[in-house]
Each structure stands twice: as C-alpha cells, then as structure tokens.
Amino acid sequence: PRMWWNRLDGFLQNQVKCVPARADRCCYVLYQAKSTSRTTRVSTQNENKKGERPVDWLEQSVDYILDPITGSKAINKTVLAVILIHVDDLLIAASKVTAEQIMKIVRQHFKIGSELVNAFTFTGQKVEKKHGVVEVSQQKQIEELHEVALHKGSADREKLTPTQHTEFRSVLGMLNWLQSRTQFHMSYRFSRSASAAASPTVGDAKLLNQTVRLLRGNPQKLYFWPLTGKLRVLGYGDASYKNNTDDSSQRGMVVFIAQNRVATQNGN
C-alpha cells in the first residue's frame, strides 16, 4: 500500500502538476496562475497611505493567522481541477476539456478499469449530475442499517451486555458515516448516542434504534447547485447551555458557499 501511495502521489504532483491540499492529503488541486497585469483603479478615501484598502489588509491578516509560514497556495491562482483519491479510485471535478487533458496523462501511466462520467459511486456515495445540479445520496447504506437487538422487558437503566455493546458501537459507526456525509439532520441525535458509547444502557440503545428508524423513514439527499460569479463563504453557529438531559451543553455550526446577494424585484 505504501508503494502504491508513493507512486500515485508522485504521479499527481509531478506529471499532472497538482498540489495536495493541506486540509486533506487525499485532495489535489490543479492551479493556473492569474495574470500579473494590474489595472488602474480610482483611489478612494478608504485607502491607506500605501494605496491598500482595509479589506486588503484584513485578507492578508487572516491569511497570516491561518498559515503564518508559507501563506495560501491559492493566492493569485485559479482552480482548474480538483482530484480526490481513495486507494485506486480517482474523482475529478473539472471542465470537460481539462478533465480530458488529465485523463490523457493518466491513461499513459495506468491501466484504467472503468471511466464513469456524471453518474457513479465514490466511497459509498452515489453521485449523479442532472441538468447542472449534482445529487449525492447514500440510500444503499441507509437500507443496510440495523437496530441493536434488545431483550423484551429489559429496564432502560440496565447496562448492555458485551455483545449488545459491540452491536451498539457498530450501529453508531454506520450512523457516523451517514451523518457526516449526507444525513446532517441526524447529527444531534448521533451526538447524544455517541456520548453514551463508553457504557451504554438499554435506554441508550432504544434511542439509537429510534434514530435508525427515523433515518430509514426520512432519508435525505444533497444537492449542489451551479454557482457563478464571486462566491461567499457563510457560516452560522449556535450553542445552548445545559440543554441536554445530562445537563451538558451542545453547540453546532453550518457553513455554506453562496453567490453574491442579488436584489429582488421589490429591491430587497
């Protein structure tokens, strides 16, 4: 496995000229340098003595805080392609022309089992592109979910047997994979069950089984819409104090990539 990783990693960096992302070593980005020519812009009162706007200083400061040593690899560059790898599977997101250029290089170095476009399964997630919208689902994994087997008449405070405890952790692991990918509406329920994983009771197993049933009856799909123009990153955070039954606190957050705001007909 190590030899294969070294070969594939070296190929993507040296032959395809991709750069591995710091956040995920199995994610590679193909950049193109932007034009270095500068256009003349009208000076404003918001510029400082060096001709920089406050937003320029803010972006530089944030970049320094995030990576004080080398800075961002994406500065003054345009993303041409993103490649994800999982063992010997490659998922490429790029324009049709760029993707074909990359695949031409790949075919010269590797024997490819199959090439699928706009409809495939990657790491257990079914991906399909329809009319420009990318749909991601995990229906197969949801159908494979099972409940923890419990004995009739068991009291909620009773500890699970070693066999039931193993089964509890197995179901929890399957839910973790789902809630961290496509079934985000189950994140809170999963969090509460995960907090009891060290020593679960029959009551904890009942709540876990309830989550399984709710997920089977209400599966979700992710939809990625085509975005244009200059994009924004939006984040929403929330927290509650002692909102759980054990008096512990809970927090959560969601992050979106969105287009710039567009005025509606009524001016809002």
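**Sheet, cores and aromatic pairs**

In this predicted model, Pro-20 stands opposite Tyr-28, a residue of strand 2. The two strands concerned, strand 1 and strand 2 (residues 27-33), pair in the antiparallel sense over two bridges. They belong to an open sheet of four strands, arranged in the order 1-2-3-4 with antiparallel pairing. Strand 1 (19-20) and strand 4 (89-94) occupy the edges of this sheet and have a single partner strand each, so that one side of each is left without a neighbour in the sheet. Helix 3 lies across strand 2, strand 3 (77-86) and strand 4, and runs at about 145 degrees to strand 4.

The largest nonpolar core comprises 17 residues, of which Phe-168, Leu-175, Leu-208 and Leu-215 touch the most other members. At least two residues of this core are supplied by each of helix 5 (162-179) and helix 7 (202-217). When residues up to four places away in sequence are not counted, Leu-215 touches Ile-142, Leu-145, Leu-175, Leu-178, Gln-183, His-185 and Met-186. A second core, separate from the largest, contains 14 residues, including Leu-8, Leu-12, Tyr-28 and Phe-110. Tyr-28, the residue opposite Pro-20, is thus a member of this second core.

Aromatic contacts were examined next. A pair of aromatic rings is described by the distance of the centres and the angle of the planes. The count of aromatic pairs in the model comes to three. One of them, formed by Phe-11 and Phe-110, is edge-to-face, with 4.9 Å centre to centre and 85 degrees between the planes. This pair links distant parts of the chain, 99 residues apart, with Phe-11 placed in helix 1 (residues 2-14) and Phe-110 in the loop between helix 3 (96-109) and strand 5 (119-122). Phe-11 has a relative accessible area of 6% and is therefore buried, and Phe-110, with a relative accessible area of 16%, is likewise buried, the cut-off for this class being under 20%.

Tyr-236 and Phe-256 form another edge-to-face pair, with 6.3 Å centre to centre and 70 degrees between the planes. Because Tyr-236 lies in strand 9 (residues 231-240) and Phe-256 in strand 10 (residues 250-259), the pair ties together parts that are 20 residues apart in sequence. Phe-256 is partly exposed, its relative accessible area being 45%. Ring pairs also link Trp-4, Phe-11 and Phe-110 into a cluster, and Phe-110 is in addition one of the residues of the second core.

Terms used:
Residues numbered from 1 in each chain as written. Predicted model: local features only at pLDDT ≥ 70, side-chain atom pairs only at ≥ 80, totals over all residues. Heavy atoms only, no water. Core = buried A, V, L, I, M, F, W, Y, C linked by side-chain atoms within 4.5 Å. Buried < 20%, exposed > 50% of the residue type's maximum accessible area, 1.4 Å probe, protein only. Contact = heavy atoms within 4.5 Å. Phe/Tyr/Trp six-rings, centres within 6.5 Å; stacked < 30°, edge-to-face > 60°. Pairing = 2+ DSSP bridges. Axes fitted to C-alpha atoms, helices over the stretch in contact; angles between N-to-C directions.
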